[in-house]
Every structure is written in structure tokens, then in C-alpha cells.
Amino acid sequence: MAVKLEKRPTSLKVLIYAFIVIWLIVAAFPFIWTVWGSFKVELDFFSISNWTNALTGERTKAEYGRPFTTTGYEGAWIENHFWRNSLNTFIICFFVVCTSLTIGTLGGYALSRSSYQYTFWLLVIALIFRAMPPITLVAGYMLPFFEWNIWGILPTTIVVLVAINQPFTLWMLHSFFQNIPKELDESAKVDGCTQFEAFRFVIIPAMWPGVITTGLFSFLLAYNDFAVTSMLLAENNRTMVPAIAAFLGTTYTEGNIMFAVAAVVSTTIPLFLLVMFFQKQIVSGLTAGAVKG
Amino acid sequence: MRHSTFFWFVLPTASAMVLFIAFPIFSVLVQSVHAPHPVVLVEVETCTPLVGCTVETTMDQDATKAIREAEPLGRFIGLEIFFDRGHLAVKEVREIIRNSNSFNEVFSKLSNLPFYRALAFTLTFTFIVTPFVIIFGFLIAITVNAISSHLKGLVIFFSLLPFVVTQLIGALVLFWMIDSRGILGSAVQWLASDPNLSLKASTGVMWVSLIIYGIWHAAPFAFVIFYAGLQTLPQDQIEAAKIDGASRYQQTKYIIIPHLFPLITFVALIQLMDNFRVFEPIVGFNASAHAQSLSWFIFNDLGGETRQLSSAAASSVLTIIGVSILLFPVLFRTWRDFRERT
């Protein structure tokens, strides 16, 4: 690649770097702007008089004596108990990731090792399920959940998210397991292991890279979900994303939109860290799906 | 692997999917042909001496509760909900077609019906965002591939953000900037020298903003896939083309794009499915007055004090039919790949 790079004419190089810079601004600037603005008062972040107020914080200075204020964060986390929402989110994410990986690895392993026709049809059914918009499924949950009186609590939502996660998890783990040579567990079986023992002692130690990648995507699905959590959780069990939506409903009237801005920034930080530390896994996970179709 | 072993391995995940995906689809189907029982009314005649008798109609709480408990699904009404004004609006559509003179008139009248309005936005969004995502993803991928390698990690990191961040949050972050009091909104007003130009007031501006959001959100996905594809370019073919004097444009057209073609179809199929369920940006942009999607339509029926389950179920069934039509090429491709492999 280095050789090729030297051959590019300067004009093309300039064009390439200009495009990259513009794309970086488009991709990252909205987040940087929101983080900066979350430490201002509403009249600065949404400035009618002069947009530079959002940079300098004129009104914030007038109100608090310095250009930065943490009132948005205090309002969200302390007054409006956003810590409870974040706790709910992490409980849900933890259990969703654990459960969906446990049952997903078992299923994905079996699908990758069986050579009968029905494995193909199971995968196709999973693909159809993957295409269903979650909100259409939610319409089907409401009535039974009300009847059985399990609507609004965390365990119900966890089970639902695990199920919605399964098609994707199965496809991904299936393709990862296919890359682990069949000879490994075949030879263990020749040595007298049962299928489960072969899985337990030979496959499990070799599967972690694939499982971690799949786990990341399960986490993202549970963390980012809005349709399921906003419909299936009662108000006091809300996770962060529906809580932000609820902020908007109430704060447009109260004029405290900055709570929502602070909550948005707080919710983005874990994702930011996740991308920072697991960039390689996220990229490899996205491409694994594409290569296998 | 033996059938019985396979069965036990697959049982947990299969039962989760049957109970919480297959069963809800069935449940939605059943609900869409049922409506809640109407309140049982009783006429009570109260007679007072000298004044006379009055007949009052009151709600019979016990009887209503009894019949609702006996048949929690409600009464069977067939396809009535599907054909009502809120969904396919068969009667209204027939009238529109009969009374209109031109195709445009039919179209503009149809867009007053809520279901067709939602369908129009969903389809517009899906079929505009998908090609743009592919084009931008491709452009980003070839430029990132060309920059020096120690910058790549950083660029990929920032590029992933719009895709990884929660859809609702991404939409809000953009919305706050495009808001007439936000930085981009003011910039647009200044550029157009129209201080009253506002996202909230114009349907056209709202649609364009939602589409821009859609592209911004999904372009990184296409970028990552195409970038991975570029790493496996057949170098010998490129060398040969160079020796034959092929220009950069010709190399791109005749080698790179054909090489990426399977990935392009993959991204297109996934994007068609994902854009069809567009929903969070409409909540984030507070756009429901100007743009509604099918998913938003269901969400709106389900939420609020009056949970209109039957109406939501009917919309869900129609959405599922739409998804199935979009899904057909994906299934065909999977089947063909499978046949080729075995």
C-alpha cells in the first residue's frame, strides 16, 4: 500500500484528506457540540439572539458566574433519579448478554456441527425473525402480558430482549463456530467424550473471541433498545433511553430541556468507551455477517 | 451430530424464539381480527310517585367485566379493522379514485389518509436512504483506505460513532442542532436569509432532515463492510490493469466495484430491512406532525392512555406483510448460496 500511496498525484491526495476531514466533522462534531453544550444553560445552547453564545456561554456566565455549569446533570441524575434508570439499563444489559450468549452458543454450536437439511431451514427462520420490526412483536406481547400480570417488570423485558437477540446471535455464532475446525471435537469424541463434553472441554476454550464479539452486539441491542423498553416497562422501571424520551415529553413544557441534554451525554459515554476499547471486535463482527451472507 | 443431541442443544434458543417471536406474530394476527367488547349498557327505569318514570341508560360494570374476562380477546370482527379509515381505508380509496381526474390528485388525496401517509414516508425513506448509504459508505471506504495507516484507527473510531450510538440519541443530537435555535438551524436561516425557516413548520424540510439523519446513521455500517472488502482486493489484477494503462477510474469501475458487488447487495438488503422499520428518528425529531412511519404508527396506537391494541395489531400485520415482500430477495439469495455450497 505504501508504494501505491507515493504514486498518487498531489491533487488527489488533497481531495482525499479534505473528504476525510469533512466526514470526521460530520461524524463527530454533533457529539462534541452536545457535550460542550450540556454544560451551558438552555438560553446558550438554544440561542435565539446569537449562536456564539453557545461557545462562550454568555447567559451561563450571567447566571452562575462561570461559563460552565453542571445544573443539567444535577437535575437529571439527582432530581429526576436518572441513576435509577442507568441502574436498570445495566441490570437489563447484564442479564440479556449472559442469557443470550449461553443459549446462543449452545444453539449456534449445534447448527454449525449438524449437517442435516433442517439446520438450513432453522437459520432461514431465524433470518425471517431477524427482519421483523420489534415494535410489531410488542403489539403481540401487550395483551398476554397484561393478562398474566407480568407487564412492566424488568425480568419480562430481559426475556423479550433475549429472544429478539437470538436470531442475530445464532447467525453470528454459527459462522464463528464454522471457523473452528470440526476435527477438534470429532477427535475428542473418538477419545470417548460425549458431544456435550467435547463442547465443554474442546470448543469452549477456543470460542472466546467470537463470543466476546457477539456479546458486544447483544449489549448494544439491549442498551440501545427503545421500542421494547419504552412499551414494556412501567414508569419506575424505565431504562435510560425511554427515560430520555420521557424527559422530552415533560421538559418541553417545563423549559428544562438541559436535563435531557445531560442525560443524552451521560448515556453516550459508555458507548464511547465501548467503541474505544472494542473497535476491532465491532469491525470484525460487522464484517463476519457480511462475508458469510 | 445425532438428532437427539442437536435437539437438546437447540432447545433453549428455539423455545425462546418460538415463545417470544413466533407466538407474538400469531397473537398479532389473532388480535387484528378482534375488537374489544363494547360496554354493556342497561336501561334502568326509576319511578318516583307524582313525578313519573324516567329511563336512564347506565353502564353495567359487572356484566362488562364478566364478558371481558370470559373472552379477553374481544369479539370477532373479521377484517373490519384492516379496511377502516385508519388502515387500508378501502371505501375512501374507492371514492378518491372515482372522483379524481388525474394521478396527482389521487396521490395528494391519498396522503390525507393516515396509513397511506405513513406508508409513503416509510417507502420514501427506505428507497432514498439505502442508495445514499451505499454511495457514501463506498466513498468513505476508498478514501480511508488511501490515507496513511496510523491515522486509520482514529478515523474508524469516529466513523463508528453515528452507527453505534443509540438511534434515539443520535436523532436528538442532530435535532438539537437543526432546531431553529440550534447552530445548524441558525446557519440555514442565515444562508437562506429567511429568519422564519424552521424544521417544525415545514414538511419538506422535516423529511429531508430525517433522510439526512438516516444516511448519517447508517453510512458507517456500509463503510465498515466495504472497507473490509477492500482489504481483500485482488492485487495481481490491479497490477495487471495498471500495466495495461488503466486509469484510477477504470480500476475502480472494472475491478474494485465488481469485487465489492456481493457486499453491496448485502448492505442493500440489510439496509432495506432496517430502514423499513424507521421509528426512533421520528420520536427524536418530534416529527409526527409531518412524517409518520409504519413503526411509529404502531407505537402511537400502543402508547398513551387508550391502548388501541386491535388497531396496532392490524398495522403490525400490514407491516409484517411489507417486511416479507422486502425479505423475499434475501431469502432467495440465502437459498441459492446454500444450494451452491451443498
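Trainee: In this predicted model, at what angle do α8(B) and helix α10 (residues 203-230) of chain B pack?

Mentor: Start with the axes of α8(B) and α10(B), which lie 11 Å apart. The crossing of α8(B) past α10(B) is right-handed. As for the angle at which the two helices pack, it's about 130 degrees.

Trainee: And how are α8(B) and α10(B) oriented to each other?

Mentor: Take that angle of about 130 degrees. Over 145 would count as roughly antiparallel, and 65 to 115 as roughly perpendicular. The pair falls in neither class, so α8(B) and α10(B) are oblique.

Trainee: Which residues of α10(B) make the contact with α8(B)?

Mentor: On the α8(B) side you've got Gln167(B), Gly170(B), Ala171(B), Leu174(B) and Ile178(B). The residues of this contact, both helices included, divide into five nonpolar, four polar and no charged. Across from α8(B), the α10(B) residues are Ser209(B), Tyr213(B), Trp216(B) and His217(B).

Trainee: Moving on to helix α9 (residues 183-191) of chain B, which of its residues are buried?

Mentor: Look at what covers them: the cover includes α8 (167-178) of chain B, along with α2 (10-37) and α4 (53-56) of chain A. So you'll want both chains on screen. Just for orientation, α9(B) is followed by Ser193(B), which has a positive phi near 40 degrees. The buried residues of α9(B) are Ile183(B), Leu184(B), Gly185(B) and Ser186(B).

Trainee: Since chain A came up, which helix gives the largest share of the side of chain B that touches chain A?

Mentor: Overall, 78 residues of chain B are in contact with 74 residues of chain A. The chain B side divides into 58 nonpolar, 14 polar and six charged residues. Its largest share is 16 residues, and they come from helix α1 (residues 3-32) of chain B.

Trainee: Zooming out, what radius of gyration does chain B have?

Mentor: Chain B has 15 helices and four strands, and its C-alpha trace spans about 110 × 75 × 45 Å along the principal axes. A compact globule of 342 residues would come out near 20 Å. For chain B, the radius of gyration is 28 Å.

Trainee: What percentage of the contacts in chain B with a separation of 6 or more comes from residues 24 or more positions apart?

Mentor: Keep burial separate here: buried residues make up 38% of the 342 in chain B. The contact figure counts pairs with a separation of 6 or more. Of those, the share from residues 24 or more positions apart is 68%.

Definitions and conventions: Residues numbered from 1 in each chain as written. Chains lettered and ligands numbered in written order. Predicted model: local features only at pLDDT ≥ 70, side-chain atom pairs only at ≥ 80, totals over all residues. Rg over C-alpha atoms; globule rule 2.2 N^0.38 Å. Buried ≥ 20, exposed ≤ 12 C-beta atoms within 10 Å, placed from the backbone. Contact = placed C-beta atoms within 7 Å. Axes fitted to C-alpha atoms, helices over the stretch in contact; angles between N-to-C directions. Parallel < 35°, antiparallel > 145°, perpendicular 65-115°, else oblique. Left-handed = near helix turned anticlockwise from the far one by under 90°. Nonpolar A, V, L, I, M, F, W, Y, C, P; charged D, E, K, R; others polar.
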